[in-house]
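This briefing sets out the main structural features of the protein shown below, grouped by topic.

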Amino acid sequence: MKKLLLSVLLGCTTLATSAETIGDVSTTFKLLSPNDKVVVDVFDDPVVDGVSCYLSHAKTGGYAGALGLAEDTSDAAVACRQVGPISFKEKVDKQDEVFNARSSFLFKHVRVVRMVDVKRNTLVYLVYSDKIIDGSPKNSVTAVPVPANQPIPVK
């Protein structure tokens with residue numbers, strides 16, 4: 001069990017480091033500790049060159065947030081866009097997690113999953129939050145159409 005937890009935590013850290021923070025806005029003023037914020041990060045699809053995803057998500061401030069002990073709310077949105085010529089590094093799964101980041105000390109994550117709509121030759125990205133015991137149905141979805149003359153190579 002400890003090995004599983006450690007590998008999950010290390011995996012989350014690895015994926016989370018590939019995001020770059022674009023900016024943030026404060027949503028709640030706190031006099032002596034960090035404010036609550038909405039943060040905008042960007043990450044590139046690890047298998048699809050030419051697609052970047054912009055992720056907005058809540059970050060809890062206060063002393064607990066500053067120490068990394070606070071649980072962020074499940075509010076998140078994603079917008080993925082073609083930012084260059086689309087090419088595939090390898091065949092893609094019909095559904096695959098492309099990003100995750102911790103949103104609490106241990107058990108809550110914000111995840112982005114890429115799905116392939118083969119019929120419409122489109123990449124669909126879904127952001128949601130999960131928790132070991134009680135996840136949230138809050139989610140957001142976006143889609144990136146791939147040119148018709150370039151079929152998506154599905155595994």
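**Briefing on the predicted model**

At 0% relative accessibility, Val112 counts as buried because the limit for that class is under 20%. The model is predicted, and Val112 lies in its strand β6, which spans residues 108-117. The protein as a whole contains 2 helices and 8 strands, and 35% of its 155 residues count as buried.

**Overall architecture**

- Read from the N terminus, the order of elements is α-β-β-β-α-β-β-β-β-β.
- Among contacts in the protein with a separation of 6 or more, 50% are between residues 24 or more positions apart.
- The accessible surface of the protein amounts to about 9,100 Å², and carbon and sulfur atoms contribute 60% of this surface.

**Surroundings of Val112**

- Apart from its neighbours within four places in sequence, Val112 is in contact with Phe43, Leu55, Asp96, Glu97, Val98, Phe99, Tyr125, Leu126 and Val127.
- One of these partners, Tyr125, is 13 residues from Val112 along the chain, and the C-alpha atoms of the two are separated by 6.5 Å.

**The four-stranded sheet**

- Strands of a sheet pair through backbone hydrogen bonds, in either a parallel or an antiparallel manner.
- In this protein, an open sheet of 4 strands follows the order β1-β2-β3-β4, and its pairing is antiparallel.
- Strands β1 (20-28) and β4 (76-88) stand at the edges with a single partner strand each, so one side of each has no neighbour in the sheet.
- Neighbouring strands of this sheet are turned against each other by 15 degrees on average, with direction ignored.
- Strand β1 is joined to β2 (residues 36-44) by 7 bridges in the antiparallel sense, and within this pair Ser26 stands opposite Lys37 in β2.
- The antiparallel pairing of β2 and β3 extends over 8 bridges, and the two strands form a hairpin with 3 residues between them.
- Phe43 stands opposite Cys53 in β3; Phe43 is also among the contacts of Val112.
- Strands β3 and β4 are paired in the antiparallel sense over 9 bridges.
- Leu55 has Val78 in β4 as its bridge partner, and Leu55 is likewise among the residues in contact with Val112.

**The disulfide**

- A disulfide is a covalent bond that connects the sulfur atoms of two cysteines.
- The count for this protein is 1 disulfide, formed by Cys53 and Cys80 with their sulfur atoms 2.0 Å apart.
- The link of Cys53 and Cys80 is right-handed, with 110 degrees about the S-S bond.
- This pair links distant parts of the chain, with Cys53 in strand β3 (residues 48-59) and Cys80 in strand β4, 27 residues apart.
- Both Cys53 and Cys80 are buried.

**Thr142 in strand β8**

- Thr142 is located in strand β8, residues 139-145.
- Thr142 is classed as buried because its relative accessible area is 11%, where the limit is under 20%.
- The side chains of Thr142 and Arg81 are joined by a polar contact of 3.3 Å.
- Apart from neighbours within four places in sequence, Thr142 is in contact with Val78, Ala79, Cys80, Arg81, Leu123, Val124 and Tyr125.
- Two of these partners recur elsewhere: Cys80 takes part in the disulfide, and Val78 is the bridge partner of Leu55.

**Ile86 in strand β4**

- Ile86 belongs to strand β4, and it is buried, with a relative accessible area of 8%.
- Apart from neighbours within four places in sequence, Ile86 is in contact with Val48, Asp49, Gly50, Val51, Val144, Pro145, Val146, Pro147 and Gln150.
- The C-alpha atoms of Ile86 and Pro147 are separated by 8.6 Å, and the two residues are 61 residues apart along the chain.

**Backbone feature at Asn121**

- Asn121 is not a glycine, yet it has a positive phi of about 50 degrees.
- Asn121 is placed in the loop between β6 and β7 (122-131).
- The relative accessible area of Asn121 is 13%, and the residue therefore counts as buried under the 20% limit.

Terms used: Residues numbered from 1 in each chain as written. Predicted model: local features only at pLDDT ≥ 70, side-chain atom pairs only at ≥ 80, totals over all residues. Heavy atoms only, no water. Buried < 20%, exposed > 50% of the residue type's maximum accessible area, 1.4 Å probe, protein only. Polar contact = N/O pair within 3.5 Å; in protein donor to acceptor, adjacent residues only side chain to side chain. Contact = heavy atoms within 4.5 Å. Areas by Shrake-Rupley, 256 points an atom, 1.4 Å probe, with all protein chains shown as cover. Pairing = 2+ DSSP bridges. Axes fitted to C-alpha atoms, helices over the stretch in contact; angles between N-to-C directions. Disulfide = S-S within 2.5 Å.
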